[in-house]
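Student: Could you take me through one part of this model up close? I'd like to see how a short helix sits against its surroundings, and then what goes on further along the chain.

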Amino acid sequence: MNLLVLNSGSGSHKCSLFRTGETLPVQALEPVWKAVIMATDPGSTSQELSLTIEGEGLKKERKTLPADLSSRKRVQYLLKRLQDEQASILKGTAGIDVVGHRVVHGGTEFDKAVLVDAHVESVIQRLAVFAPLHNPVNLEGIQAAREIFGSAIPQVAVFDSSFHRSLSEAAATYPGPYEWLKKEIRRYGFHGTSFRWASGRAARLLGRENDPELRLIICHLGGGCSLAATVGGKSVDTTMGFTPMDGIAMCTRSGALDPGILLYLMRQDSDVDALEKTLDRGSGLQGLSGLPGDTRILIPEASKGNLRAKLAMDVFLHRLQAGIGQMMASLNGRPDAIVFTDAIGEDEPLVRSRACEPFKFVGVEVDLEKNATSPMDTDISIAKSPVRVLIVKSREDWQIALECDELLQSKVRR
């Protein structure tokens with residue numbers, strides 16, 4: 001089976017092509033072709049677009065694309081490049097069999113992956129008001145794949161929010177008026193594809209696969225950042241809420257704020273659209289530091305004495321520590337492991353060690369030598385620590401592939 005995964009986000013577009021047998025292994029395969037368009041400093045006037053393409057038998061390609069390339073045109077560019085190179089990559093086999101898409105917001109309607117049809121597209125569009133940076137881009141990916149590969153190729157939507165449908169009513173409900181629930185104002189949670197992969201991978205690393213009592217705190221730290229508390233692989237709490245703006249501080253997003261701040265700014269004649277742009281694109285690490293919201297820049301700058309960079313990192317770490325404490329309370333006791341994943345979680349030893357520091361009293365202790373090397377899919381806690389600390393390489397692409405395969409197999413069995 002030739003399975004294409006498209007992961008379109010607010011700052012990047014990723015394409016991964018997998019060539020598999022009839023049954024997909026749980027252990028992640030590497031794609032035979034992958035391409036990434038990454039925006040540096042997304043939303044700013046100095047934004048640049050970098051393209052990386054690599055595949056079996058192909059020379060790795062890196063170049064810069066026009067900065068004004070729209071989101072739709074970025075997706076079309078990637079898919080057309082794949083179409084051009086498809087024959088040599090797939091070596092004479094049939095073409096694409098299925099296209100899987102990461103979709104951020106599925107509301108209350110979807111609790112698992114679904115085949116895309118007109119109804120599914122209309123729901124994704126309707127929920128774009130809840131995730132304006134993500135759902136429109138996800139929908140553009142679906143439409144572009146149909147334009148390029150044809151309507152006969154099945155497409156599957158894998159929803160980030162569906163992982164958190166297991167939240168209790170108390171965890172999912174905001175303490176506003178009851179009428180809010182009727183308007184679908186509730187905690188949805190996001191990064192579910194990443195959390196689902198990380199929870200399963202962590203269970204295998206700990207030798208506790210399918211253990212219904214396994215208690216994890218998973219820290220997805222990338223461009224967007226959120227935490228989840230899971231028991232037996234099911235979400236019991238998470239830091240993001242109604243939208244992906246909620247929760248801990250992020251690279252360009254504020255995370256949770258006192259709503260009185262927003263009321264105050266609106267009374268000062270702040271435009272709602274400008275306020276949204278500030279919260280989504282001009283806050284968090286970037287807003288506080290005045291630099292790109294990139295820890296690879298900010299951590300060295302803070303160490304050189306840049307006070308704004310130091311403040312930005314201190315706030316980020318304070319909110320991260322508080323979030324871990326919140327997740328621990330929702331587990332109603334000590335976790336079995338704290339798991340770090342995605343770009344910052346995988347690559348920044350300082351962030352991991354500082355995040356864990358306050359929790360020595362429950363047995364969280366990081367081996368500083370192991371931590372310094374950022375080993376993937378590895379336990380970096382000291383031998384005697386009752387709470388393990390893991391780094392898990394993010395494989396959202398493979399998790400989407402697994403869920404596509406599971407859905408198609410269930411259709412065949414019927």
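Tutor: Sure, let's start with helix H8, which covers residues 272-281 and has Leu275, Leu279 and Asp280 as its buried residues. Looking down the axis of H8, those buried residues fall within an arc of 125°, so they line one face of the helix. Keep in mind that this is a predicted model. What do the buried residues of H8 pack against? Their partner is helix H7, residues 259-267. Flip to the face of H8 turned away from the buried side and you'll find Asp273 and Lys277, both exposed. Asp273 also comes up at the N-terminal end of H8, where Asp271 acts as the cap: a side-chain oxygen of Asp271 lies 3.0 Å from the backbone nitrogen of Asp273.

Now on to a pair of helices. H11 (residues 307-330) packs with H13 (residues 349-356) at an angle of about 50°, and their axes are 9 Å apart. An angle like that makes H11 oblique to H13, and the crossing is right-handed. On the H11 side, the contact is made by Met313, Asp314, Phe316, Leu317, Leu320, Gln321 and Ile324, while H13 brings Val351, Arg354 and Ala355.

One last stop is Ser374, in the loop between helix H14 (368-372) and strand E13 (378-379). Ser374 has a relative accessible area of 16%, so it counts as buried, the cut-off being under 20%. Its side chain joins that of Arg352 in a polar contact of 2.8 Å. Leaving out residues up to four places away in sequence, Ser374 touches Glu346, Asp347, Pro349 and Ile391 as well as Arg352.

How values were computed:
Residues numbered from 1 in each chain as written. Predicted model: local features only at pLDDT ≥ 70, side-chain atom pairs only at ≥ 80, totals over all residues. Heavy atoms only, no water. Buried < 20%, exposed > 50% of the residue type's maximum accessible area, 1.4 Å probe, protein only. Helix = DSSP H or I, 4+ residues; strand = E, 2+ residues; numbered from the N terminus. Arc of directions from axis to C-beta. Contact = heavy atoms within 4.5 Å. Polar contact = N/O pair within 3.5 Å; in protein donor to acceptor, adjacent residues only side chain to side chain. Axes fitted to C-alpha atoms, helices over the stretch in contact; angles between N-to-C directions. Parallel < 35°, antiparallel > 145°, perpendicular 65-115°, else oblique. Left-handed = near helix turned anticlockwise from the far one by under 90°.
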